[in-house]
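Trainee: I'd like to learn how to read contacts between domains. Can you walk me through it?

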Amino acid sequence: MAQRIAVIPGDGIGKEVMPEGVRALTAAAERFGIEIELTDFDFASCDYYAEHGQMLPDDWFDRLKDFDALFYGAVGWPETVPDHVSLWGSLLQFRRRFDQYVNLRPCKLLPGVKSPLADRRPGDIDFYVVRENTEGEYSSVGGKMFEGTEREVVIQETVMTRHGTDRVLRFAYELAQSRPRKKLTSATKSNGIAITMPWWDERVKAMGANYPEVSVDQFHIDILTANFVMHPDWFDVVVASNLFGDILSDLGPACTGTIGVAPSANINPEGTFPSLFEPVHGSAPDIAGKGIANPIGQIWSAAMMLEHLGHQEAADAIVAAFEAVLAEGDKAVMTPDVGGTGTTEGLGRAIAARISG
Ligand code: GGG
């Protein structure tokens with residue numbers, strides 16, 4: 001049976017990198033005899049908002065729920081739609097309604113890509129950020145009082161539940177246990193945020209009782225960010241709340257040279273709903289329309305999607321292809337963020353050709 005994949009490019013460079021993600025996906029599917037059925041959607045974009053006054057059609061849930069996976073680009077075009085409106089109107093709806101409670105983001109220094117950190121080589125940086133993806137600081141619980149007056153009050157709460165926290169910690173522990181180093185790092189700020197964060201620390205300890213082989217470090221987020229820069233080799237699996245995980249999963253790839261290559265998987269581990277795969281980067285209005293965005297974040301997300309769908313060989317072939325093209329380092333093929341003068345399409349085509357063999 002064909003794998004049904006919803007293709008949602010979104011905004012800005014999402015529309016430019018998506019064709020290259022699809023090119024890589026199609027090349028891998030052809031090579032490994034995987035039947036895929038791609039369906040394009042124009043919603044979850046600010047262009048759609050401009051036409052319809054909302055980011056998603058009313059029936060979006062029913063239209064997407066039976067897909068095997070969602071392949072997403074990027075959201076946001078602040079010139080026309082405030083960022084919090086576009087994000088809450090699209091991506092955050094997907095994550096919540098499809099219960100994609102794990103956001104898995106690999107940080108890996110790739111061959112041919114220069115880390116801004118001194119003397120780092122491929123192999124030195126290779127870890128995962130596991131971000132809680134449905135609650136925490138992104139809960140949007142709160143409100144305003146006396147709006148627009150001198151007495152204006154604004155409140156927004158962080159919501160952490162035992163159910164929501166334990167399930168993402170379980171995923172992180174399982175991942176750490178499956179890796180050779182078996183090391184988990186948890187990020188909080190328990191000295192300053194003195195209710196939710198110490199409680200998260202307690203849940204980490206409680207869950208750890210089920211995973212005696214996994215060694216656990218607990219860091220405050222401020223020193224943890226410093227250590228991402230000074231000692232990225234310390235980390236194996238890093239688990240954090242929604243906001244801290246979001247920040248760490250931009251910082252991690254930045255330490256590997258460019259956020260342009262970083263992929264992510266928004267996973268519903270039970271498979272009740274489709275999972276969503278997207279690059280970590282956003283719509284990048286500063287370079288949108290120039291055809292120079294790095295497509296590897298989107299292409300690597302395609303590999304994570306194939307792995308999730310059970311096609312490990314095809315996923316490995318995509319990763320091997322972009323690693324080989326990066327290692328060759330042809331400046332005319334590389335995009336500017338990795339030191340070249342090439343284009344999104346040129347780099348995408350080079351990788352697809354390598355996948356096809
Ligand atoms: N492809 C990722 C994307 O579009 N990100 C935009 C963004 O601001 N995301 C915030 C988040 O992931 O919570």
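Trainee: How many residues of domain 1 are in contact with domain 2, and how many of domain 2 with domain 1?

Mentor: Keep in mind that this is a predicted model. As a general idea, the size of an interface is often given as the accessible area lost when the parts come together. Here we go by contacts instead: 19 residues of domain 1 are in contact with 20 residues of domain 2.

Trainee: Which elements supply at least two residues each of the side of domain 1 that touches domain 2?

Mentor: Those are helix 5 (91-97) and strand 4 (102-108). Strand 4 gives the largest share, with seven residues. Sorted by class, that side of domain 1 has 11 nonpolar, five charged and three polar residues.

Trainee: Where do the bounds of the two domains fall?

Mentor: According to the domain assignment, domain 1 comes in two pieces, 1-108 and 260-357, while domain 2 is 126-255. Their centres, taken over C-alpha atoms, are separated by 25 Å.

Trainee: Now a single residue. Is Val229 buried or exposed?

Mentor: The general idea is to count neighbours: a residue with 12 or fewer other C-beta atoms within 10 Å is called exposed. Val229 has 12, so it is exposed. You'll find Val229 in helix 8 (residues 221-230).

Trainee: Which residues does Val229 touch, leaving out those up to four places away in sequence?

Mentor: Val229 touches Leu117 and Cys255. For a distance along the chain versus through space, take Val229 and Cys107: they are 122 residues apart in sequence, and their C-alpha atoms are 12 Å apart.

Note on methods: Residues are numbered from 1 along each chain as its sequence is written. This is a predicted model: local features need pLDDT of at least 70, side-chain atom pairs count only at pLDDT 80 or more; totals for chains, interfaces and linings use all residues. Helices (H or I, at least four residues) and strands (E, at least two) are DSSP runs, numbered from the N terminus. A residue is buried if 20 or more other C-beta atoms lie within 10 Å of its own, exposed if 12 or fewer, and partly exposed in between; C-beta atoms are placed from the backbone. Two residues are in contact if their C-beta atoms, placed from the backbone, lie within 7 Å. Domain bounds come from an automatic or database domain assignment. Ala, Val, Leu, Ile, Met, Phe, Trp, Tyr, Cys and Pro count as nonpolar, Asp, Glu, Lys and Arg as charged, and the others, Gly among them, as polar.
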